Amino acid sequence: MSQPHHRTVVVLAAGEGKRMKSALPKVLHPLLGRTLLGHVLSAAAPLGADRTVVVVGHGADQVRGHLAEIAPDVVPVLQAEQLGTGHAVRIALEAVPDATGTVVVINGDVPLLRPETVSALVQAHEGEGAAATVLAAEVPDPTGLGRIVRSADGRLEQIVEERDATAAQRAIREINAGSYAFDVVRLRDALGKLSTDNDQGEEYLTDVFGLLNSAGEPVAVHVASDHTETLGCNDRVELAGLRRLLRDRINEGWMRTGVSLLDPETTWIDVTVALDRDAVVDQNTQLRGATVVGSGAVVGPDVTLIDTVVGEGATVLRSHAVGAEVGPGASVGPYAYLRPDARLAEKSKVGTFVEVKNSEVGPGAKVPHLSYVGDATIGAKANIGAATIFVNYDGVNKNRTIVGEGAFVGCDTSLIAPVEVGAGAYIAAGSAISKDVPPGALGVTRAPQREIEGWVARKRPGTVSAAAAERALRAAEGASPGTAAASEGEAIHGDGRALGGESPEGDTATD
């Protein structure tokens, strides 16, 4: 039985990234669900390293804080002065003096590197018993990159940075991809022999290969199968290019598992998202964070979901959701906004221009349009009419509203929390409800309607409205001569009945 390999991972993340022109350290720039540094750590994770060391420098406190969130077991090591990659690795190894076996070194700005490629590099290195192995790639344009210089028989002679390369060496298209595997003992010895005799006046880690080769130690090259994995990021243009490449990789992966992406070029899915088979994602859709989309669900077009769960067979159309849950068969949108802790049960509906926050919408319940639902519980099959406001904030505290099963809330209603509308109760349209409504009761707070005849002619003479009213009155007089006008201030209902003695049963609640 073979003995397990001891491994240490070192990630170089101390650079400032001046060309990014950003207050944010380069390695903390986001890329479809993770930072650049987060992607690199994820690629190295399957190695099962004994320890992982991240060399920090520029924005060290920010990088340390990020590491504490995403990888608390990682050891951050400060490179106070950026004196080269060799110097950075030497500092990292000083923090793990008992390290044995293989040391894997990866630049912190290669987010497209696959775990399979990192594992293949290490396996090749350990399988050959090499002192050092470099990951290389054949690229269309090697400008700005270190070149792999081989001997006539194909063996690695040295790695040459472009600024130190000859014209012939600059024509080489096989480049150093910025990932390495070393035997730790031989690496420590070689690091102690590095010089700063180069164009930058820095200790180059790549010079270790030349030193080991000169000493007769075996050095090797492992070539990545896809050069795009090895692309780094120096400015925002390159970051955008990496984002497109990663988008295409992610989208292709999901389509091959049975997910339909109707327009992959306008669909952006974080690496942290999960999609079930037969989910459908329409154009102009962003799925971010810990979002999950169930089988048969249709999301999009024009949807953004962040940390949101969408159940089987649900539909989300032209909407925005953050930290929400959409139950199986539920319907959302268009133009809905689900805020954190909005929970929609099976076959419920949240429709056009509806905002829901910290609320439960029960099975089969409907909030069809133009409403705000905050800090509420809506029972099964309840119906919330248009322009209903759940008045949850009194200026100091948030209060909760409960709408019972099968209740019917009429249009343009305010439910002033804390308040409860009982099961099967009705609320008349236009009401402001501040007291509990018992099950099966009608809640109504309307004021009597008043009609002041002739008001427009007296108060708005010469307007379009006044002219229209005059024409209508003349037409009515021609049709019904002798009709007496009601005196000013007389309160009459639209059907001619006075409101004063009318029972509440005469009112209606409309959806």
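**Exercise 1. Find the residue that stands opposite V310 in strand 23 of this predicted model.**

Solution.
- Begin with the strands. Strand 20 covers residues 309-310, and strand 23 covers residues 325-326.
- Check their direction. The two run parallel and are joined by 2 bridges.
- Now read across from V310. The residue opposite is V326.

**Exercise 2. Place strands 20 and 23 in their sheet, then find the strands at the edges.**

Solution.
- Write the strand order: 14-17-20-23-26-29-32-35-38.
- Classify the sheet. These 9 strands form an open sheet with parallel pairing.
- Go to the edges. Strand 14 (274-275) and strand 38 (419-421) stand there.
- Each edge strand has a single partner strand, so one side of each is left without a neighbour in the sheet.

**Exercise 3. Locate two cis peptide bonds and give the loop that holds each proline.**

Solution.
- Take G300 and P301. Their peptide bond is cis, with omega about 5°.
- P301 sits in the loop between strand 18 (298-299) and strand 19 (303-306).
- Take A417 and P418. The bond from A417 to P418 is also cis, and omega is near 0°.
- P418 lies in the loop between strand 37 (414-416) and strand 38.

**Exercise 4. Trace the chain from strand 4 to strand 5 and assign the handedness of the crossover.**

Solution.
- Set the strands. Strand 4 (residues 51-56) pairs with strand 5 (residues 75-78) in the parallel sense, over 4 bridges.
- Fix one bridge. V54 has P76 of strand 5 as its partner.
- Follow the connection. The chain leaves strand 4, passes through helix 2 (residues 60-70) and reaches strand 5.
- Assign the hand. This β-α-β crossover is right-handed.

**Exercise 5. Describe the largest pocket and its lining.**

Solution.
- Start with volume: about 1,700 Å³.
- Count the lining. It has 48 residues, and those closest to the pocket centre are R19, K26, N107, D109 and N234.
- Name the elements that give two or more residues: strand 1 (7-13), helix 3 (85-94) and strand 10 (174-183).
- Pick the top contributor. Strand 10 gives the most, with 5 residues.
- Sort by character. The lining holds 17 nonpolar, 20 polar and 11 charged residues.

**Exercise 6. Find the sign of phi at K21, and place the residue.**

Solution.
- Phi at K21 is positive, about 50°, although K21 is not a glycine.
- K21 belongs to the loop between strand 1 and strand 2 (30-31).

**Exercise 7. Describe how the two assigned domains are arranged.**

Solution.
- Take the bounds from the domain assignment: domain 1 is 7-230 and domain 2 is 259-443.
- Their centres, taken over C-alpha atoms, are 48 Å apart.
- Count the contact. Domain 1 supplies 4 residues and domain 2 supplies 5 residues.

Methods: Residues are numbered from 1 along each chain as its sequence is written. This is a predicted model: local features need pLDDT of at least 70, side-chain atom pairs count only at pLDDT 80 or more; totals for chains, interfaces and linings use all residues. Side-chain values use heavy atoms; hydrogens and water are left out. On a 1 Å grid over the protein atoms alone, a cavity is a set of points where a 1.4 Å probe fits but cannot get out, and a pocket is an open set with protein on both sides within 12 Å along at least five of seven lines; lining residues have an atom within 4 Å of a point. Grid points are joined across faces, edges and corners, and a volume is the space filled by probe spheres set on the points. Ala, Val, Leu, Ile, Met, Phe, Trp, Tyr, Cys and Pro count as nonpolar, Asp, Glu, Lys and Arg as charged, and the others, Gly among them, as polar. Two strands pair if DSSP finds at least two bridges between them. A crossover is right-handed if, with the strands pointing away from the viewer, the path from the first strand over the helix to the second runs clockwise. Domain bounds come from an automatic or database domain assignment. Contact means heavy atoms within 4.5 Å.
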